[in-house]
Amino acid sequence: MKVQLELNSHSIGIKVCCASCAHKCVSNEGLQICKPFRKYVYRTNSCEFWLMNRKLDKAGARWGKIKKKEYLKYVAKIRALESQRIEEAEAKGITLCMLKTKTIRKKYEKLYGEIYMEF
């Protein structure tokens, strides 16, 4: 059996089947239902009513940002030092809290600039 693919808006091949169809619904029992036919379907089936799922059509779009390697190393170093200090303080009966990520981020940005990579 030959696999049929259709390109989405970002030129990524999406397999034509019920699992990738916009008409697919999932019942309370976890079974897939085809809205036009109003019957249970198997996820690898396909029909003439197939329409690409909206989320799959957006696959390949740039949604997020990538943090710099230097920033991630900076955070790892701070967290390691914090863990060591917290263990030492607990041995003495003192409770310490870890820094908030937001605080670490602001400190890094103040010292080194932006935390995200530029493309």
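Reader: Hi! Let's start with Cys 17: buried or exposed?

Author: Hello! In this predicted model, Cys 17 counts as buried, because its relative accessibility is 7%.

Reader: And what about Cys 21, is that one in a disulfide or in none?

Author: In none: the nearest cysteine sulfur belongs to Cys 34 and is 6.0 Å away. Cys 21 also counts as buried, because its relative accessibility is 7%.

Reader: Back to Cys 17, then. Which cysteine sulfur is closest to that of Cys 17?

Author: The one in Cys 18, at 7.0 Å, which is too far for a bond.

Reader: Okay, so how many disulfides does the structure hold?

Author: Zero disulfides.

Reader: Thanks! Switching topic: which residues make up the largest nonpolar core?

Author: There are seven residues in the largest nonpolar core: three tyrosines, Tyr 71, Tyr 74 and Tyr 108, together with Val 75, Ile 78, Ile 104 and Ile 115.

Reader: Nice. Which helices each supply at least two residues of this core?

Author: Those are α2, spanning 69-91, and α3, spanning 101-112. The largest share comes from α2, with four residues.

Reader: I'm curious about Tyr 108. What is it in contact with, leaving aside neighbours within four places in sequence?

Author: Tyr 108 is in contact with Lys 68, Glu 70, Tyr 71 and Tyr 74, and also with Gly 113, Glu 114 and Ile 115.

Reader: Great. How many residues are in the other core, the one lying apart from it?

Author: That other core has five residues, including Ile 14, Val 16 and Trp 50. Cys 21, which we talked about earlier, is among them too.

Terms used:
Residues numbered from 1 in each chain as written. Predicted model: local features only at pLDDT ≥ 70, side-chain atom pairs only at ≥ 80, totals over all residues. Heavy atoms only, no water. Disulfide = S-S within 2.5 Å. Buried < 20%, exposed > 50% of the residue type's maximum accessible area, 1.4 Å probe, protein only. Core = buried A, V, L, I, M, F, W, Y, C linked by side-chain atoms within 4.5 Å. Contact = heavy atoms within 4.5 Å.
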